[in-house]
Amino acid sequence: MSDTGTPQAVTVLGAGTMGAGIAQACAAAGHAVTLVDADEAALERGRAAIASSLARLVRKGSLDDAGAERVQAAVRTSSDRSAAVVAADVVIEAVTEDLDVKRALWGEIGAHAAPGALLATNTSSLSVTEIAGFGGHAERTCGLHFFNPVPVLPLVEVVRGERTSDATTGRAVDFAMGLGKTPIVCRDTPGFIVNRLLIPYVNDAVHALAEGVAEAADIDAAMTLGAKVPLGPLALADLIGLDVTLAAIESLHRETGDGRFRPAPLPRRLGRAAKLGRKPGYGSPRNPSPTPAAAAEAAGGRSTRPHAEGVSMSEHIDDADQAEGIEFEHLSIAVDGHVAIVTIEREDALNALNAELLLELATAFDLIEGDADVRALVITGAGRAFVAGADLQAFADVRDGFAGREAALTGQDVMNTLAALPIPTVAAINGFALGGGLELALACDLRVAAAGAKLGLPEVTRGLIPGYGGTQRLQRLIGLARATDLVLTGRMVAADEALALGLVSRVADDAAEAALALAQQCARNAPVALGLAKEALMRGVDVTLPQGLEIEADLFGLAVTTDDAKEGIASFFEKRDPDYRGS
């Protein structure tokens, strides 16, 4: 059977942006399409996306009304995967870039696919060979990598797995040509062709943004005007989706081990928040970031558990629509007045830091930094631990020194993000703060310990060393001699000794209550002055006194010209409380 122009039954699994686009392209070529998703809401979004895309084509004159109606009618939706796969001549999987999700789905595809069906994955970053193995029909499985927006872009990468037959490759090429696409055949290598070249380009642009080379809009303008590309790299990343971009660059890095592909910090922070559609982007006006309160509210209460009586999330919601799709599994965010409260909630694991929790923390910090109403942050843990360390199982699986270095750098990215927040941050150490937990607390400006808390860096007792900044931040806080004692012995210290060492600033019966009161006291002060004061303190750590005094003078010059300074001085003479606006 020829696949060029012959109407066939095509099943597309996954009704996201790519799945809906592939379904539309197949229907436009005359195929009978079943778009499948277990989530009815996703199916509804997929139908709406197809309708919207067709309407745009009609407005442009590329399609008439009858043609749009024909394409719409050729796409039916279903939540019954097995039935749709059994009836298909062609099955195209277009679900999220998660190997565990694909493993389960391809098991179903393999069990139900018709003997002569062409089986394809739309993966942009994972191994086609590995995915083909999940279904048990590797010889008739290939990659059909479409590009977004699918109805518009002509390229399809036809990816040969290690066991993909010549007949399957030829059939996939014919099928793509029948869609009016231009197929290019490539081997199953990390990134295939386009992503192997394109994603590092985007990643380099993000590194430039993170290093302060230029603003996002200027980086994009430089490339569109200077290199004549139609879309700047950061705008392109927003269009692709930061979750997809992150998955692609992490896959390249993991498969090649090449340092050129190490993900820049910003995709790591934002990728976790990205779920559907045009996801949170790089902070330019085209993609405003959601606020912490909006994120919590949009999560439908999952991540809005109040930390203390009287906390109200609704008072600070700016635009809940901005945060649609953001959902935390291992932490919650609450807002009390101008104080954000992040509670780590892996209670069954004593709140140990794993990769997912680190990414969620980075995302939460990014949301908090983008909310002008939040003027201080409290971090605490649920149950009897603040954070009892990093997840040792993750380190047990590390295969080489390079991977270990990358694991440390990932944790350091998160701690550095916390330390760089321009607002006061307070760790409420309610129990064990060990290893990565103490390193998290050390990245905060202030630490309040419960009377029964235990603190320490026990890594050497497990054949490791602190990797998330412990050896560096601890000595800067309490001095080299005391830090050496704690690091080399690996011993835990009680709250009273931690106070005497200068490791914590206060000890209280209820660390969370005392930390919240301390954060609220800070939050009553002028926001701009708080940020500048933090900057003066941090920048002065590793310079000489004369250099530090220069830094202080420069920042004082900035502070004295702000509206907050004018308000503070006026309120002093008028004997009233100041009303700071953060400007």
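A salt bridge is counted here when a side-chain nitrogen of Lys or Arg lies within 4 Å of a carboxyl oxygen of Asp or Glu. With that in mind, select Arg 491 and Glu 497, which form a salt bridge with their closest N and O atoms 2.8 Å apart. Arg 491 has 29% relative accessibility and therefore counts as partly exposed, and Glu 497 is likewise partly exposed, with a relative accessible area of 31%; the classes used throughout are buried for under 20% relative accessible area, exposed for over 50%, and partly exposed in between, with a 1.4 Å probe and protein chains only.

Before moving on, note that this is a predicted model, in which local features need pLDDT of at least 70 and side-chain atom pairs count only at pLDDT 80 or more, while totals for chains, interfaces and linings use all residues. Residues are numbered from 1 along each chain as its sequence is written, and side-chain values use heavy atoms, with hydrogens and water left out.

**The whole chain**

Zoom out and colour by secondary structure: the chain has 24 helices and 18 strands, where helices (H or I, at least four residues) and strands (E, at least two) are DSSP runs numbered from the N terminus. Of the 583 residues in the chain, 49% are buried. If contacts (heavy atoms within 4.5 Å) are drawn, then among those between residues at least 6 apart in sequence, 69% join residues at least 24 apart. The accessible surface of the chain, by the Shrake-Rupley method with a 1.4 Å probe and, for residues, only the protein chains shown as cover, comes to about 25,700 Å², and 54% of this belongs to carbon and sulfur atoms.

**Further salt bridges**

The structure holds 14 salt bridges. Select Glu 93 and Lys 102 next, whose closest N and O atoms are 2.4 Å apart in a salt bridge. Is Lys 102 buried or exposed? Lys 102 is buried, with a relative accessible area of 0%, and Glu 93 is also buried, at 0%. Adding Glu 97 to the selection shows one network, in which salt bridges that share partners join Glu 93, Glu 97 and Lys 102.

Now go to helix H2 (residues 40-60), where Glu 44 and Arg 47 are three residues apart and therefore separated by about one helical turn. Their side chains meet in a salt bridge of 2.8 Å, N to O. Glu 44 counts as partly exposed at 46% relative accessibility, and Arg 47 as partly exposed at 28%.

**Around Asp 37 and Gln 24**

Step back along the chain to Asp 37, in the loop between strand S2 (32-36) and H2. With 18% relative accessibility, Asp 37 counts as buried. Leaving aside neighbours within four places in sequence, Asp 37 is in contact with Gly 14, Ala 15, Ala 42, Leu 43, Ser 78 and Ser 79. A distance label between the C-alpha atoms of Asp 37 and Thr 77, which are 40 residues apart along the chain, should read 8.0 Å.

Gln 24 belongs to helix H1 (residues 17-28) and is buried, with a relative accessible area of 4%. Not counting residues up to four places away in sequence, Gln 24 touches Ile 50, Ser 53, Leu 54, Leu 57, Val 71 and Pro 151.

**The nonpolar cores**

A nonpolar core is a set of buried Ala, Val, Leu, Ile, Met, Phe, Trp, Tyr and Cys residues joined through side-chain atoms within 4.5 Å. The largest one has 51 residues, of which Leu 377, Ile 429, Leu 455 and Leu 503 touch the most other members. Helix H14 (residues 355-369) gives the largest share of this core, eight residues. A second, separate core of 33 residues includes Ile 22, Ala 27, Leu 118 and Val 156.

Which residues does Leu 377 touch, not counting those up to four places away in sequence? Among them are Ala 340, Val 342, Phe 365, Ile 368, Leu 418 and Leu 421.

**Cysteines and a surface patch**

Select Cys 26, buried at 0% relative accessibility, and Cys 186, buried at 8%. A search of the whole structure for disulfides, that is, pairs of cysteine sulfur atoms within 2.5 Å, finds zero.

End on the surface with Ile 184, Ile 193 and Leu 197, a nonpolar patch with about 270 Å² of accessible area together. Patches are made of residues with over 30% relative accessible area and no salt bridge, like charges being joined within 9 Å and nonpolar side chains (Val, Leu, Ile, Met, Phe, Trp, Tyr) within 5 Å. Leu 197 is in helix H8 (residues 194-210) and is exposed, with a relative accessible area of 65%.
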